[in-house]
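Me: I have a chain in front of me and some labels to question. Can you take them one at a time?

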Amino acid sequence: MDRKILLQEKDIPRQWYNLAADLPTPPLPPLGPGGKPISPEMLAPVFPMNIIEQEVSTQRWIPIPEEVLDMLYRWRPAPLRRAVYLERHLKTPARIYYKDESTSPPGSHKPNTAVPQAWYNKQFGIKRLTTETGAGQWGSALAFACKLIGLECKVFMVRISFDQKPFRKLMMQVWGANCVASPSNETNAGRKILAEMPDTPGSLGIAISEAIEQAVTDPKGQTRYSLGSVLNHVMLHQTIIGQEAKAQLKSINEKTPDVIIGCAGGGSNFAGLAFPFTADKINGAKIDIIPVEPTACPKMTKGPFVYDFGDTACTTPLLAMFSLGHAFVPAPIHAGGLRYHGMAPLVCQAIVEGLHTPRAIDQIECYKAAMTWAQTEGAICAPETSHAVAAAIQEANKAKEEGKEKVILFNYSGHGLMDLSGYDAYLSGKLSPYSLPDDEIRKAGETLKGFPPAAKNKSGKW
Ligand SMILES: Cc1ncc(COP(=O)(O)O)c(C=O)c1O
C-alpha cells in the first residue's frame, strides 16, 4: 500500500478538460444589460481576448502552453496521498485518498489558474492585474504568478480576512503586490458601501466590484481584472487536478472512486477535481460527487437557481447560478473563501442535471474534523478545506455503517498555516454553530425579484 502516489513531470497533463463540451444540457448563457446574451466583445474591457475565447469555448480539450507548464512544474504534478492514519482512526473499510494541493508555493490550488491567467494577460500586452481575495489564498496566488511573469498586481482583500490574516497580506507584499482592505476609499463602489455600512466585514461581492472598477477605469487601457473562481476558464485551468488524480489512481490499479468531494466557495477546486470524473459519470460510471459549503452561506443547498450578478455593484453580466443574492453579506466565518453568494455556472448546471449533489456542513463540525485530521494525518488544513475533510469523514463513517469498501477521493485545497486565528477561536470556545436562518434566505431571495428567470433544463438521466 502506498501512502504517496506520485507522477513524474513527464506525465503531467498537457491539456485542460472542458466540461462544457460534455454536459448533456448546456449551461444558460450570461446575460448583459437588457437581458440579452452577452457577446465576447462585451467582456473585452475586463478580460483579454485570449481568456475570453476560453471562457466561451465548448472545445473538449484545450492545450496547456509549454511556458505555462514550465511554471507549473514548480509544484506539479501534485501528490495524491492515502489518508491511512485517518482510516485507522475511524476504523473504516473505506480507502480515503486526497489530492494535496497545499504543496504549491502560496499553499493552495489557486496558482493552477493564477499562472495561466497572468501568462495570457502578458501575451495580450497587459501590464497590471487587479483582483479580489477572500481568505487571501487567491490574492497571494495571483501576486506569486504576476511576479513570475512580470505584471503589476493589485489586490482588494475582504476587510474581515485582512484583519484576521495579516500574514497573507505580507505574503502578497513579498511577491510584490499591493494589497488593500475592501471596501476601500480607492473606488466609487468602495466609498459608497463605506458611507452606507462603515463597519461592514466586507464580502467577495464588494471586493470584486472594486477590482473590476479599477481595471476598467485605467486611462491607458493596460489593466485587466482576474477572477480566482466561478468563471468557466478558471474551472478549466483547475482540471489538471482531476486528470492527475485519475492517472495516479490508475497507476496503483485503484478503482474509480465511489465518492468525490471538494469544498466549494466559487467552485474551482471542487470542479478541478470533479469535472474529469463527471465526464465518467456522464458516460455511465456510478460516482457520488459532492460539493461542500458552509451552513452559514448555503447557496447550493438552499439558494434559488436564478440569474444574478457576480458582484455587489452589479457590474458583471448576469450569471445563471444558485445564489443568495449579490447584496448578501455572509456571517464572518473563518472559511473566508467560502463566503461567496453565488456558484460557478458550470457546477450549477451539473447540480441541476443531478450529476453533483451539494451538502452543507456547520463550522463546528468542520473544525472538529480539521482537528481530527491534524491529530491523525498531521497537517493543518485551511478552514475552507476542513469542509471537504468533514464530508470525507461523514462518508467514511457511512461506509463503516454499511460495511462497504468504498473509495473516497477528496481535494485537499490548501494548508491552514496562515489561518491559525480560526483554530484559536475554535480552541478557546469562541465559535458557535451557525446556519443561515430561513428568514434571511427568504430576504436574500427578495432582492432578486424582477431578475430574468433561470430555467432548470435537464436531461432527466440522473
Ligand atoms: C484553501 C481554499 N480552498 C477553497 C477555496 C474556495 O474557492 P473555490 O471554491 O474557488 O475553490 C478557497 C478560496 O479562497 C481557498 O483558499
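What follows is a short exchange on the terms used for this predicted model.

Me: What makes the chain as compact as a globular protein of that length?
Reply: Start with the secondary structure: 18 helices and 15 strands. The radius of gyration is 20 Å, and the globule rule gives 23 Å for 462 residues. The two values are close, so the chain is as compact as a globular protein of that length. Along the principal axes, the C-alpha atoms fill a box of roughly 60 × 50 × 50 Å.

Me: How much of the chain counts as buried?
Reply: 56% of the 462 residues. The cut-off is 20 or more other C-beta atoms within 10 Å of a residue's own.

Me: Why is strand β6 called mostly covered?
Reply: Strand β6 spans residues 128-133. Of its 6 residues, 5 are buried, that is, they reach the cut-off of 20 or more other C-beta atoms within 10 Å. Therefore "mostly covered" fits.

Me: How do you know that β6 and β7 pair?
Reply: Pairing needs at least two bridges. β6 and β7 (residues 152-158) have 6, in the parallel sense. So they pair. One bridge sets T130 against K154 in β7. Between the two strands the chain passes through helix α5 (residues 137-149), and this β-α-β crossover is right-handed.

Me: What makes β9 a partner of β6?
Reply: The test is again at least two bridges. β6 and β9 (residues 223-225) share 3 and run parallel. So this pair passes too. Here L129 has R224 of β9 as its bridge partner.

Terms used: Residues numbered from 1 in each chain as written. Predicted model: local features only at pLDDT ≥ 70, side-chain atom pairs only at ≥ 80, totals over all residues. Buried ≥ 20, exposed ≤ 12 C-beta atoms within 10 Å, placed from the backbone. Helix = DSSP H or I, 4+ residues; strand = E, 2+ residues; numbered from the N terminus. Right-handed = clockwise from strand over helix to strand, strands pointing away. Rg over C-alpha atoms; globule rule 2.2 N^0.38 Å.
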